[in-house]
Amino acid sequence: MAVEICVKAAVGAPDVLGDCPFCQRVLLTLEEKEVPYKMHLIDFSNKPQWLVDEYQGKVPVIKFGEDGKWIADSEVIVGLLEERYPVPSLAIPPQFTSVGSKIFSSFVKFLTSKDASDGSEQALVNELKAFDEHLKAHGPYANGENICAIDLSLAPKLYHMEVALGHFKGWTTPATLTNLLNYTKLLFARKSFEKTNASKEHVIAGWAPKVNA
């Protein structure tokens, strides 16, 4: 069964894998499950008309088999991959489904904030502290020894957080959050991450319009 996936190309470099964390989440899932796939890079400055007409130009979209229909939404796609390719399992235990789920939105709010006193930095730190505590109790990954879907969702987002906040705000993850720092090192060192990761310059280019808006 041929698997095809459309993902974002880098800003200004249509032949290079881009900086979408939701696309990378799906690519990480494919890599960790060792599912062969064909990747199509979508230039956001020149999107195919079918993608605009049927999916509002959003990626990732995935297709299973020659006659398959394109399927959108990273959450839906990851669920389908778990069903179709159950080994190795990346399933999330029910009690952990919301773990770390507010980190990305908190990061974006802080990154785009123009008001240093609006509490957005502290809100992010609070989310990171909560996740650090979870890792202290359950680590090294979100569900113990084996990687799961939470980790593959968080890895790109934590990378974007590290790169973008470092560049635009001179901010780094507090050194006291040792479990989180060890966790990011583990994730970023995985072969699947190194293969699917956008370069720092493309992450910065991707966030620049939102930061400067």
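Start by selecting α4 and α6 (149–169): each of these helices supplies at least two residues to the lining of the second largest pocket. Keep in mind as you go that this is a predicted model. If you want one helix to colour here, pick α6, which gives the most to this lining, with 5 residues.

Next, show side chains for Glu75, Thr97, Ser101, Ser153 and Lys157. Among the 14 residues lining the second largest pocket, these lie nearest its centre. Now switch on a surface: the space in this pocket comes to about 250 Å³. Colour the lining by residue class and you should find 6 nonpolar, 5 polar and 3 charged residues.

Now for the other stop, the largest pocket, which holds about 420 Å³ of space. Select α1 (21–32), α4 (103–112) and α9 (200–211), since you will find at least two lining residues on each of them. You have met α4 already, as a contributor to the second largest pocket. Which helix gives the most to the lining of the largest pocket? That is α9, with 5 residues.

To centre your view, pick Lys8, Cys20, Pro21, Phe44 and Lys210, the residues nearest the middle of the largest pocket out of the 17 that line it. Finish by colouring this lining by class too: how many of its residues are nonpolar, polar and charged? The split is 11 nonpolar, 2 polar and 4 charged.

How values were computed
Residues numbered from 1 in each chain as written. Predicted model: local features only at pLDDT ≥ 70, side-chain atom pairs only at ≥ 80, totals over all residues. Heavy atoms only, no water. 1 Å grid on protein atoms, 1.4 Å probe; cavity = no way out; pocket = protein on both sides within 12 Å on 5 of 7 lines; lining within 4 Å. Points joined across faces, edges and corners; volume = space filled by probe spheres on them. Helix = DSSP H or I, 4+ residues; strand = E, 2+ residues; numbered from the N terminus. Nonpolar A, V, L, I, M, F, W, Y, C, P; charged D, E, K, R; others polar.
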